[in-house]
Amino acid sequence: MKAKIIWLQGVTCNGNSHSFLNLPSLASLLQQFEFLYHPLFPSPLQLMDLHTADFDILVVEGGLKQGWKKGDKDLYELFFHLAQKAKKIVAVGSCAVFGGVFKEFDPTITGVLFDKTKKSKLYEHFFNKTVNIPGCPAHPEWIAFAIENDSFSLDEYHRPKEIFAFTVHSGCTRNEYFEWKVDAKSFGTKEGCLFYEQGCQAPFTHGSCNRILWNEINSKTRSGTPCFGCTEPTFPKTGLFHTKTYMGIPANMPLGVPKRAYLTITGIAKSFQIPRLTRKLIDEN
Amino acid sequence: MRIELLEKIEGEAFLKFQKDKKIITDVKVIFPHYRGIEEILRGRNPWDALVINPRICGICGHAHLQATAMVLESIFQITITQKAQKIREITRFCEIIQNHIKWFYLVIFHELGILYDFTKVHHLIITINKLLALFSGQWPHSSYCVIGGVTCDPTSFEIYQAKTLIRQIKDQFIQLIGELHDPLNLTNDLQKLYHTLQEKELLLVGKSHDRFITFSQDSHVSNIKLLHGQKRKTKLTLIEENEQKRSYAKNVTYNGKYYETGPLARLMQQTDPFIRYFHRRFKDSITTRIIARIYEVSLLIEKIIDHLATIDLSQPSVVESKMQDGTAIISIEAARGSLIHQATIHQGKIETYNIITPTQWNLSNGTSQNPSVIQKAIIGTSDEKIANLIFRSFDICSVCTTH
Ligand code: SF4
Ligand code: SF4
């Protein structure tokens, strides 16, 4: 018997549904699991039938909000009803985990277990069966992992450490530039690190974007875009393409690194000039 | 009156049908949700819009990203390089292609009960998004277009990878849909579609005003409207947007009239014999509308091949920009038609931001004297399943409409 899944959408942009559709091994996942309802691909149930369905796993995409219409029901009530029945809940995307981007407009929107960094009203009800997969959107392989696995070591935000103990900085192709403190001169270059000027949040963001590549080929930072910290409860911050500094020192240190250690290493690295890292990788002429 | 829920349209909408005996005499579309994007943007640094706006929509967020970059570039009076222009078109065309393929199979084939090879279709979608991400870092929700250009800086190795991927995409597409040279000789899945519409006597349903509009200018389209077969240039300043009671979507008209936007509108402004053939026979029925959307994929694949062959990598990816205050309005083609972004920057902050999405054009609520595109297409139908199919032939996007 295949395990049965309901994929419920709250206040969302559908980004996680589309991200999940990028899963290379989707066909093999569908041999083990049956989606009774998914917002994109063909599934046997209609929204109106969900509250009477028998199923195993509830996947939630999008924030929760009272008074948000979901078919003929209220989203919050429908979620609560389904969540009580579910054997496992997978909250997918930063909206379902922390409240996410639309919370910036409506502060009453929350995630399943968390309201930004605070525990939500639902925490006590569902913490022992919920796995959180934040990201805006969540990576398809992370979602599949949460659906297919049953034991995880979870961090304080119920994120599997197997994915979120790493920082997004780990695996970036610009690591050499970070080490030697060579900053990107502008956007649109292969050379340089985006930490100091372009707002890259990867050194203090939990996630595996540079280890488990996006669309099997790339990542934000590899393609020159700073990491915006979308797996964290603080997403979206303001001034997203800009690194906040105090007296020339980045306001946020790399995860777990004491400021004094960072400054010492930076001072030493900057005292050397590494020609290979300050030149263009491919000469213009 | 009957209210029905229309789901799996990138969200949901309610349809209010009026009927006289069995015939539908009126329909109103109610979008029940609102997520406040335009409010979220107010007061923010303009650059932040490049991260917020893709989140309007999970399937066409890339078009929203590019629209954002364009409207800000227009205010800051920046012209991007030809290289950045080409890379942006490549990735945007990829987004349009994957959208059309998803819609053709997951929506239209599903609705008509036609069987298809999910694994092959899925593989095609993944390959397209991979090509997109090769430049944009990821899909969905990249922010690789910034004010002044693109953040990526490809070498000829990435161009080589992209060429390999687009060849695979072209082969896979032809294997599924068939060669699209001769409208009289359809093969593979397109032939299946045509035969099914024929058998179910649906070839001629869903005709609307036969009026088309596009506002954008790129290597694929121009800003042109077609009214009674006459082509005219369109101006963004002549668009009117009106609030509606009970629905969060606003109505939009051009010079007081409702127009269809989208792939059919884009292709009707060209003299492409393939689409002209279907239009001559079936006018703007669902047949022509569906075929236009899937046929557009083949044209966009050729555009991508062309761009990859002519891109000049020695140009900069980004040109420097300086913020200044001002207002601008721009249009860009998203999968579903012309997408319009308008912004005012005051003292370095976003003062107002306004978005008009393609679905608003096609799914406005008009009056009995002046019915909207969808109303005209549906009124007179007696079967709700057919009404449903007509709705879906426009490829509706609820999340975009209710940004
Ligand atoms: S660009 Fe970001 S992820 Fe890459 S090395 Fe620099 S700080 Fe780390
Ligand atoms: S790189 Fe950063 S912003 Fe991008 S998806 Fe990963 S965690 Fe989110």
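**Close-up 1. B:Phe104 is tucked away from the outside, buried in this predicted model.** The relative accessible area of B:Phe104 is 0%, and anything under 20% counts as buried. B:Tyr105 is buried as well, because its relative accessible area also comes out at 0%.

**Close-up 2. Here are the rings of A:Phe114 and A:Tyr123, an edge-to-face pair.** How do you describe two rings like these? A pair of aromatic rings is described by the distance of the centres and the angle of the planes. Across all chains, the count comes to 36 aromatic pairs. For A:Phe114 and A:Tyr123, the centres are 5.8 Å apart and the planes meet at 65°, so this one is edge-to-face; the cut-off for that label is over 60 degrees. Both A:Phe114 and A:Tyr123 are buried. Now hop over to chain B: B:Phe104 and B:Tyr105 have ring centres 5.1 Å apart and planes at 85°, so they make an edge-to-face pair.

**Close-up 3. Six names, one aromatic cluster: look for B:Tyr194, B:Phe274, B:Tyr277, B:Phe278, B:Phe282 and B:Tyr295.** Try picking out each ring in turn, starting with B:Tyr194, one of the cluster's members.

**Close-up 4. A:Lys181 and A:Lys270 each lie over a ring.** Which ring does A:Lys181 lie over? The ring belongs to A:Phe178, and the distance to its centre is 3.7 Å. In the case of A:Lys270, the charged end sits over the ring of A:Tyr196, 5.3 Å from the centre of that ring.

**Close-up 5. Ligand 2 lies between chains A and B.** Which residues are around ligand 2? From chain A you'll find A:Val168, A:Thr205, A:Cys209, A:Trp214, A:Lys220, A:Cys227, A:Phe228, A:Gly229, A:Cys230 and A:Thr231, and from chain B there's B:Gln138. Sorted by class, this shell has six nonpolar residues, four polar ones and one charged.

**Close-up 6. This is the largest cavity, where ligand 2 sits.** How do you find empty space inside a protein? Rolling a probe the size of a water molecule over the atoms shows where empty space is left. The model has eight cavities of 30 Å³ or more, and the largest has a volume of about 130 Å³. Its lining is made of 16 residues, and those nearest the centre are A:Val168, A:Cys209, A:Lys220, A:Cys227 and B:Gln138. By class, the lining splits into eight nonpolar, seven polar and one charged.

Technical notes:
Residues are numbered from 1 along each chain as its sequence is written. Chains are lettered from A and ligands numbered from 1 in the order in which they are written. This is a predicted model: local features need pLDDT of at least 70, side-chain atom pairs count only at pLDDT 80 or more; totals for chains, interfaces and linings use all residues. Side-chain values use heavy atoms; hydrogens and water are left out. Rings of Phe, Tyr and Trp (its six-membered ring) pair if their centres lie within 6.5 Å; planes under 30 degrees apart count as stacked, over 60 as edge-to-face and the rest as tilted. Buried means under 20% relative accessible area, exposed over 50%, partly exposed in between (1.4 Å probe, protein chains only). A charge sits over a ring if NZ of Lys or CZ of Arg is within 6 Å of the ring centre and within 35 degrees of the ring normal. A residue is near a molecule or strand if one of its heavy atoms lies within 4 Å of it. On a 1 Å grid over the protein atoms alone, a cavity is a set of points where a 1.4 Å probe fits but cannot get out, and a pocket is an open set with protein on both sides within 12 Å along at least five of seven lines; lining residues have an atom within 4 Å of a point. A molecule sits in a cavity or pocket if more than half of its atoms lie within 2 Å of its grid points. Ala, Val, Leu, Ile, Met, Phe, Trp, Tyr, Cys and Pro count as nonpolar, Asp, Glu, Lys and Arg as charged, and the others, Gly among them, as polar. Grid points are joined across faces, edges and corners, and a volume is the space filled by probe spheres set on the points.
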